[in-house]
Amino acid sequence: MDKALSRPAVVSHVSDLIGHTPLFEVCRTDTSSRLLLKLEQFNPTGTAKIRMARQMVLDAEERGLLRPGGRIVESTSGNTGLGLAVVAAERGYTFTAVVDHHAAADKLRGMKALGAELIYVAEDGGEELATAAREEFAEKLAAESDNAYFTEQHNNPANGDGYRPVAHELDAALDGRIDILIGAVGTGGGLFGTGGELRKSVPGVRIVGVEPKGSIAFGPPAHDYYQSGTGTPEGATIGAMVDYDLLDEGAKVGDIEAFATARVLARRIGLLIGGSAGGVVYEALTRMSSLAPGTTMVALVNDGGEKYMDTVFNDDWMDARNLIDPAVEREIDELLTKLREN
C-alpha cells in the first residue's frame, strides 16, 4: 500500500486513527457486478464525519479564525458533533453543540461524554428536526462570544475537503476500477467531496445521491422523516456542498425501506449500520440486477448502527411510529439472499 495511505503502527492522537477504512463486498451478481461498502464506521466515533470535523478546525486555525483556548460552535444532529468533540479535546478548545431531540440519544450522550456542552433549541419530548433553528442559534451564539468559531458545516468548503482522502483510499484499493459511487446527501460534503476528487483519477465514475423521502434537495414533496444526519428538511437551506453539476442521479428512500435494510443486514450478515446508511444500501441493492456486467458500485456507509439501539433496532420505538413493515423486510432479505448466493 502507498505509504501516504497507510497508518502508523502506533499513534498518539485519536484523530491519527481517522481514515483507511475497509471495503466490504456485500454481494455480487452472476454477471460479476459487485456492491462494496466503504465502512466509515471504523473511524473514531464510528462515523465518516470526524474526517470533515478535523478539517474544518484545521482550516479555521490556518485562517486565524480560531485561536488557542477558543470555542467551537456547531449545529449538529450528532455525528459531526462527536467528531468536533474529539478534535476540540485534542487541541484544547471547548465545544458547544446546538442540538434538537430528533438526534439519536446515544449521539447526544456521546458528545456529552466527550466534554461537549449541549444546547437544545427544541422542547424536551419533541422529535421535530429543527435544522434551521439550530443553524440560526449557533451563528448567533458564536457571533456573541469571544474567540468563538461557528464551523457551519453546511456551507464550509473545508467540509468537502475533509473527504478528499476517501477518494484516494478508494482509488488505491480498487486501482481505479470504480463505476458507481453512491452515498447519502445531507450537507453534501461526503458524497461530493469524495466524488469530486475521485473524478480526477476516475473521470467516468457515476455519482448517485440518496436522500430521505421528505427531504428537498432532489425536489418535493417535503414532509417529516426519521432518518437522522441526512437530507434537507423543509425550511432549511440546501448545503453549499451539494454540487448538482457532479450529480448524475438523485434518489429518495423512505424511512421504512432504509431502516428495514439496516435491520436485515444486522440479522443476515452481522453488520450494524446506521439508518440513513440503510437507505443508501437499499438503493444500491435494488440497482444490482440492472447493472452492466462487471460493474463495481461503491456505497459510502457513513456510520455504524451502534448509536441506534434506541431507535432503528428498537421494535417498540419503530412500532410506535409505524416504521416496521414485515413485508418490506422479507423482500429485502430475499433480495440480499439471492445476491449473496452468486
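**Exercise 1. Helix H7**

Which residues in H7 are buried? Work from the predicted model, then compare the length of the helix with its expected span.

*Solution.*

Step 1. List the buried residues. In H7 they are Gly189, Gly190, Leu191, Phe192, Gly193, Thr194, Gly195, Gly196, Glu197 and Leu198.

Step 2. Relate this list to the whole helix. Ten of the 13 residues of H7 are buried, so the rest of the structure largely encloses the helix.

Step 3. Find what surrounds the helix. The buried residues of H7 pack against two helices, H5 (157-161) and H6 (164-174), and against the strands E7 (180-184), E8 and E10 (296-301).

Step 4. Check the length. Helix H7 covers residues 189-201, and at 1.5 Å a residue its 13 residues should span 18 Å. The C-alpha atoms at its ends are 19 Å apart, which agrees.

**Exercise 2. Strand E10**

State how many residues of E10 are buried, and identify the strands E2 and E7 as its partners by their bridges.

*Solution.*

Step 1. Count the buried residues. Six of the six residues of E10 are buried, so this strand is largely enclosed by the rest of the structure.

Step 2. Sort the side chains by direction. In a regular strand, side chains alternate between the two faces of the sheet. In E10, Thr296, Val298 and Leu300 point one way, while Met297, Ala299 and Val301 point the other way. Both sets are buried.

Step 3. Take the pairing with E2. Strand E2 (residues 34-39) runs parallel to E10, and six bridges join them. Arginine 34 stands opposite threonine 296 of E10.

Step 4. Take the pairing with E7. E7 and E10 are also parallel, with three bridges between them. Here isoleucine 182 has alanine 299 in E10 as its bridge partner.

**Exercise 3. A four-stranded sheet**

Give the order of the strands in the open sheet that contains E4, and describe the helices H2 and H4 that pack on it.

*Solution.*

Step 1. Write down the order. The four strands follow the order E5-E4-E3-E6, with parallel pairing.

Step 2. Find the edges. Strand E5 (117-120) and strand E6 (148-150) each have a single partner strand, so one side of each has no neighbour in the sheet. From one strand to the next the twist averages 20 degrees.

Step 3. Count bridges on both sides of E4. Four bridges pair E4 with E5, and five pair E3 with E4. As examples, alanine 97 has leucine 118 in E5 as its bridge partner, and valine 73 stands opposite threonine 96 in E4.

Step 4. Add the helices. Helix H2 (residues 79-91) touches strand E3 (71-75) and E4, and its direction makes about 170 degrees with that of E4. Helix H4 (residues 131-143) touches E3, E4, E5 and E6, and its direction makes about 160 degrees with that of E3.

Step 5. Look at burial in E4. Five of its six residues are buried, so E4 is largely enclosed by the rest of the structure.

**Exercise 4. Two buried polar contacts**

Describe the surroundings of threonine 96 and arginine 134.

*Solution.*

Step 1. Locate threonine 96. This residue is in strand E4 (residues 94-99). Its relative accessibility is 1%, and the cut-off for buried is under 20%, so threonine 96 counts as buried.

Step 2. Find its contacts. The side chains of threonine 96 and arginine 71 are joined by a polar contact of 2.9 Å. Among the residues that threonine 96 touches are Ile72, Glu117, Ile119 and Leu141.

Step 3. Repeat for arginine 134. This residue is in helix H4 and is buried, with a relative accessible area of 3%. Its side chain makes a polar contact of 2.8 Å with the side chain of aspartate 100. Arginine 134 also touches other residues, including Ser75, Val98 and Val121.

**Exercise 5. An aromatic pair**

Classify the one aromatic pair that a search of the whole structure finds.

*Solution.*

Step 1. Use the geometry. The ring centres of tyrosine 226 and tryptophan 317 are 5.6 Å apart and the planes stand at 80 degrees, so the pair is edge-to-face.

Step 2. Place the residues in the chain. Tyrosine 226 is in the loop between strand E8 (206-212) and strand E9 (249-253), and tryptophan 317 is in helix H10 (residues 315-320). They are 91 residues apart, so the pair links distant parts of the chain.

Step 3. Compare accessibility. Tyrosine 226 is partly exposed at 30%, whereas tryptophan 317 is buried at 16%.

Methods: Residues are numbered from 1 along each chain as its sequence is written. This is a predicted model: local features need pLDDT of at least 70, side-chain atom pairs count only at pLDDT 80 or more; totals for chains, interfaces and linings use all residues. Side-chain values use heavy atoms; hydrogens and water are left out. Rings of Phe, Tyr and Trp (its six-membered ring) pair if their centres lie within 6.5 Å; planes under 30 degrees apart count as stacked, over 60 as edge-to-face and the rest as tilted. Buried means under 20% relative accessible area, exposed over 50%, partly exposed in between (1.4 Å probe, protein chains only). The expected span of a helix is 1.5 Å times one less than its number of residues. Contact means heavy atoms within 4.5 Å. A polar contact is a pair of N or O atoms within 3.5 Å; within protein, one must be able to donate a hydrogen and the other to accept it, and residues adjacent in sequence count only if both atoms are side-chain atoms. Two strands pair if DSSP finds at least two bridges between them. Axes are lines fitted to C-alpha atoms, for helices over the stretch in contact, and angles run from 0 to 180 degrees between N-to-C directions. Lists of a residue's contacts leave out its neighbours within four places in sequence.
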